[in-house]
Amino acid sequence: MKKLITLMLLLTVVLLLSGCWSKRELNELAIVVAIGVDKIDDEYAISIQVVDPSEVSASHPSSGRTPVVTYHSKGKTLFEAIRKITTLSPRKPYFAHLQILVVGEDLAKEGLGYTIDFLGRDNEIRNDFDIIVAQQTTAKDVLNVLTPIEKIPANKMLNSIQISQDAWGSTRQVDVDELINKLNSDNKSYVLSKVDIHGDPRLGIDQTNVNRIETPAILQFTGLALFKHDKLIGFLSEEESRSYNFLTDQIESTIEIVSCPGEGQLTTEIITSKAKTDGKIENGIPKIRVQIDVDQNVAEVHCDIHLNDEQTLHTINEKTADLIKTRIEHLLHTLQKEYEVDILEYGAAIHRANAREWHHIKDDWSALFPELQVDVEVNVITHGFSTLQNSNVEEQKE
């Protein structure tokens, strides 16, 4: 009898495990790679970018259609707006391959908490997509721009953020998990990469946008959007954004252009940058010290110098360090005096250094931060010269 019961239980389990009860065929789904969210007239305006598989498949010749399609709908809530898209799309939207969320500027000014909470808790939406802000345009217009080289605009945006962050240092990749952690912190201040449309957005929606040598409308990342208490309060320029990444140890590589000892200028390639931040409280006064150590190569020379001369190297090191420090001090002034926002998390650094003293000043941090003393030290080492580089300089002298 016991064996019979065991056998029946096994048969029941096998029957339950056979097949995938929740499987969905690809030809029944609309694969969403990007979402745009705007706020228009107290309603949420949703845009989704859906891939046309037949137009991106290497095994099928293109029919001339656009590789992606966008669908738009509005609703009093995000959930309603997304569900209403089913009245437009021939297939059910599938969000497991979502790569990027574009937020319109108007919605960003109201705050992203509700939007991120909704998308983060939806079990059909992947939790590692990046988040960016549309500057002086809507998320809808951004998703409507067709892009050359990368057929899928969502891929173009994601790649541009990564490449710019690694090679130029003016952007910052932030995914939904990181943003949720920021929103759950006491600070609730953060940065997101910003994107704008160069050219006429009306031309970007047409297939001819990718059929010309010079694209009439193009998506470009131009720095960082600044949030305080979860609300957009302003934008940082490219130089300010690079300084932010220097201070937060996010620079992988970038370039600097410095003047030569005489006439002309030279360009250096920063190959490593390490930032260390220390906080302390002295006599009840909080202070921050930041040390940034930079290694660089000389990349391009437009002056008469000897690259193997020690004094020349010392001069290049000092000029590069002064340039970086000056821009950083400008950013600190902007953050402390203009925006009064601690996106650099200096309060957390002081807390780590002296938790007991921090307990006494934390309630006054918003008033203390604008007057916070921040000492910045930048050390630069220039190396990586070759015989070819020196010979090129000699040729210029002749």
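These are questions and replies about how features of this predicted model get their labels.

Me: What makes the contact between Lys-109 and Glu-105 a salt bridge?

Reply: The cut-off is a Lys or Arg side-chain nitrogen within 4 Å of a carboxyl oxygen of Asp or Glu. Lys-109 and Glu-105 come to 3.5 Å, N to O. That value is within the cut-off, so the label holds. Both residues sit in helix 4 (residues 105-110), four residues apart, about one turn of the helix.

Me: Why is Glu-105 called buried?

Reply: Buried means under 20% relative accessible area. Glu-105 has 14% relative accessibility, so Glu-105 counts as buried.

Me: And why does Lys-109 count as partly exposed?

Reply: Partly exposed lies between the 20% limit for buried and the 50% limit for exposed. Lys-109 has 43% relative accessibility, so that is the class it falls in.

Me: How do you know that Asp-117 forms a salt bridge with Arg-121?

Reply: Their closest N and O atoms are 3.0 Å apart. The limit is 4 Å, so the pair qualifies. Asp-117 and Arg-121 are four residues apart in helix 5 (residues 113-121), which means that about one helical turn separates them.

Me: Is Arg-121 buried or exposed, and why?

Reply: Arg-121 has a relative accessible area of 59%. Exposed means over 50%, so Arg-121 is exposed. Its partner Asp-117 has 38%, so Asp-117 is partly exposed.

Me: What makes Glu-282 and Lys-287 a salt bridge?

Reply: Their side chains meet at 3.0 Å, N to O. That is within 4 Å, so the pair counts. Glu-282 is partly exposed because its relative accessible area is 32%. Elsewhere, salt bridges that share partners join Glu-239, Arg-242, Glu-256 and Arg-327 into one network. The search of the whole structure finds 13 salt bridges.

Me: Why is Ala-348 called partly exposed?

Reply: Ala-348 has a relative accessible area of 31%. That is not under 20% and not over 50%, so the middle class applies. Ala-348 is found in helix 12 (residues 346-353). Ala-348 and Gly-279 are 69 residues apart in sequence, yet 8.6 Å apart in space, C-alpha to C-alpha.

Me: How do you know that strand 1 is mostly covered?

Reply: Strand 1 (residues 29-40) has 12 residues, and 10 of them are buried. Each of those 10 is under 20% relative accessible area, because that is what buried means.

Me: What makes strand 1 and strand 2 a pair?

Reply: Two strands pair if there are at least two bridges between them. Strand 1 and strand 2 (residues 43-51) have eight, so they pair, in the antiparallel sense. Asp-38 stands opposite Ala-45 in strand 2. The two strands form a hairpin with two residues between them. Asp-41 in the turn has a positive phi of about 50°.

Me: Which other strands pair with strand 1?

Reply: Strand 4 (residues 92-94) pairs with strand 1 in the parallel sense over three bridges. There, Ala-30 has Pro-93 as its bridge partner. Strand 5 (residues 100-103) also pairs with strand 1 in the parallel sense, over four bridges. Ala-34 stands opposite Ile-100 in strand 5. Three and four both reach the minimum of two bridges, so both count as pairs.

Me: Why are strand 10 and strand 13 called edge strands?

Reply: The open sheet of four strands has the order 10-11-12-13, with mixed pairing. Strand 10 (254-259) and strand 13 (373-382) each pair on one side only. The twist averages 35° from one strand to the next. Strand 11 (residues 265-282) and strand 12 (residues 285-302) run antiparallel, joined by 17 bridges. One of the bridge partners is Val-301 in strand 12, set against Leu-266.

Me: What makes the largest cavity a cavity?

Reply: A 1.4 Å probe fits inside a cavity but cannot get out. The largest cavity holds about 80 Å³ of space. The count comes to one cavity of 30 Å³ or more. Among its lining residues are Arg-172, Glu-178 and Lys-182. By class the lining has six nonpolar, one polar and three charged residues. Helix 8 gives the largest share, three residues.

Me: How many residues line the largest pocket, and which are closest to its centre?

Reply: The largest pocket holds about 580 Å³ of space. Its lining has 19 residues, and the closest to the centre are Asp-186, Asn-187, Asp-342, Trp-358 and Trp-365. The lining divides into five nonpolar, seven polar and seven charged residues. Helix 12 supplies the largest share, three residues.

Note on methods. Residues are numbered from 1 along each chain as its sequence is written. This is a predicted model: local features need pLDDT of at least 70, side-chain atom pairs count only at pLDDT 80 or more; totals for chains, interfaces and linings use all residues. Side-chain values use heavy atoms; hydrogens and water are left out. Buried means under 20% relative accessible area, exposed over 50%, partly exposed in between (1.4 Å probe, protein chains only). On a 1 Å grid over the protein atoms alone, a cavity is a set of points where a 1.4 Å probe fits but cannot get out, and a pocket is an open set with protein on both sides within 12 Å along at least five of seven lines; lining residues have an atom within 4 Å of a point. Grid points are joined across faces, edges and corners, and a volume is the space filled by probe spheres set on the points. Ala, Val, Leu, Ile, Met, Phe, Trp, Tyr, Cys and Pro count as nonpolar, Asp, Glu, Lys and Arg as charged, and the others, Gly among them, as polar. Axes are lines fitted to C-alpha atoms, for helices over the stretch in contact, and angles run from 0 to 180 degrees between N-to-C directions.
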